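Me: Please take a close look at the surroundings of the ligand in this model, and then set that part within the rest of the chain.

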Amino acid sequence: MTHATRALLGSIPALTGSPPAFRAGELPTEPVGLFLTWLEVALAAGVEEPRTVALSTVDAGGVPDSRMLILKDVDSRGWAFASTASSRKGQQLSVCPAAALTVWWQPLMRSVRVRGPVVEAPRGESVADLQARSPAAQASVDADDWTLWRVVPNRVEFWQGSPDRAHTRAVYVTEGSAWRVSVAQD
Ligand SMILES: Cc1cc2nc3c(=O)[nH]c(=O)nc-3n(C[C@H](O)[C@H](O)[C@H](O)COP(=O)(O)O)c2cc1C
């Protein structure tokens, strides 16, 4: 029933919502501050579970996988997430230590994506992360397996959708130890 499915999908609204003001001429010089500002706006707007992200990794053959995860921290060291080293993502990160991470915050019509190499946090941080989980969540994993990683960003893109489809993207790219930001309308 391809036709019916296509019709069903076509009938579902997409890119609904109302964008907050986005002054592309007044961007901060680095992306972490802007991400945290957007997160605060998402929280104030009642976006549900704004710390949920899609994390994409690739296997040894270059084939990607993506899954939802909880964002654990964001600072100048990167975007932190945690899982088991023995998981599919853990195995993929051991052969290809790089990832992309994406959020979609509705009804703000905002998406952010972050990409770069992935580094494992010092062991103590993984232990602390595990200890902060519920007893049931702690009991479900082997403590030695639980791992905190960070995506160390070399490209961060802030996408602001618009009802008139004049979407705006602010793209931060590393240039040595500094960030270069450019704004595109598409
Ligand atoms: C909203 C949401 C949040 C999740 N958060 C985590 C998480 O923080 N860590 C984790 O290991 N799995 C989390 N999961 C489960 C993952 O999506 C995934 O199923 C699991 O980690 C196995 O992925 P893998 O086989 O690609 O390694 C979450 C799932 C959902 C839907």
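Reply:

**The shell around the ligand**

In this predicted model, the residues that surround the ligand are Thr-52, Asp-65, Arg-67, Met-68, Leu-69, Ile-70, Ala-82, Ser-83, Ser-87, Arg-88 and Lys-89. Two or more residues of this shell are given by each of β2 (64-70), β4 (78-84) and α3 (88-95), and β2 supplies the largest share, with five residues. Sorted by class, the shell holds four nonpolar, three polar and four charged residues.

The UniProt record, an unreviewed entry, places the feature "binding site" at Arg-67, Met-68, Leu-69, Ile-70, Leu-71, Lys-72, Arg-88, Lys-89, Trp-159 and Arg-169. These positions cover 103 residues of sequence and are also spread in space, with up to 31.7 Å between C-alpha atoms.

Two of the lysines in that record can be followed in more detail. Lys-89, which is listed in the record and is also part of the shell around the ligand, has its place in helix α3. Lys-89 counts as buried because 24 C-beta neighbours lie inside 10 Å, where 20 or more are needed for that label. Leaving aside neighbours within four places in sequence, Lys-89 is in contact with Leu-55, Thr-57, Asp-65, Arg-67 and Ser-83; Asp-65, Arg-67 and Ser-83 are themselves among the residues that surround the ligand.

Lys-72, also listed in the record, is found in the loop between β2 and β3. Lys-72 is partly exposed, with 18 other C-beta atoms within 10 Å. Its contacts, again without the neighbours within four places in sequence, are Ala-80, Phe-81, Ala-82, Asp-129 and Leu-148, and of these Ala-82 appears in the shell around the ligand.

The helix that carries Lys-89 has Lys-89, Gln-92 and Leu-93 as buried residues. Viewed down the axis of α3, these buried residues fall within an arc of 100 degrees, so they line one face of the helix. An α-helix has 3.6 residues a turn, so residues three or four places apart point the same way. The buried residues of α3 pack against β1 (52-58), β2, β4, β6 and β7 (146-151), and β2 and β4 are also among the elements that give two or more residues to the shell.

Helix α2 offers a further example of a helix with a buried face. Helix α2 (residues 31-44) has 14 residues and reaches 20 Å from its first C-alpha to its last, close to the 20 Å expected at 1.5 Å a residue. Its buried residues are Pro-31, Phe-35, Trp-38 and Ala-42, and they lie within an arc of 65 degrees as seen down the axis of α2, so they line one face of the helix. The exposed residues Thr-37, Glu-40, Leu-43 and Ala-44 are carried by the face turned away from that buried side. What covers the buried residues of α2 includes β3 (73-75), β5 (98-105), β6 (110-120), β8 (155-160), β9 (168-175) and β10 (178-185). After α2 comes Gly-46, whose phi is positive, near 80 degrees.

As for the whole chain, there are five helices and ten strands, and the C-alpha trace spans about 50 × 50 × 35 Å along its principal axes. Of the 186 residues in the chain, 26% are buried, and among contacts between residues at least 6 apart in sequence, 60% join residues at least 24 apart.

Conventions: Residues are numbered from 1 along each chain as its sequence is written. This is a predicted model: local features need pLDDT of at least 70, side-chain atom pairs count only at pLDDT 80 or more; totals for chains, interfaces and linings use all residues. A residue is near a molecule or strand if its C-beta atom, placed from the backbone, lies within 6 Å of it. Helices (H or I, at least four residues) and strands (E, at least two) are DSSP runs, numbered from the N terminus. Ala, Val, Leu, Ile, Met, Phe, Trp, Tyr, Cys and Pro count as nonpolar, Asp, Glu, Lys and Arg as charged, and the others, Gly among them, as polar. The expected span of a helix is 1.5 Å times one less than its number of residues. A residue is buried if 20 or more other C-beta atoms lie within 10 Å of its own, exposed if 12 or fewer, and partly exposed in between; C-beta atoms are placed from the backbone. The arc is that of the directions from the helix axis to the C-beta atoms. Two residues are in contact if their C-beta atoms, placed from the backbone, lie within 7 Å. UniProt positions are given in the numbering used here, feature names are shortened, and annotations may be inferred rather than shown by experiment.
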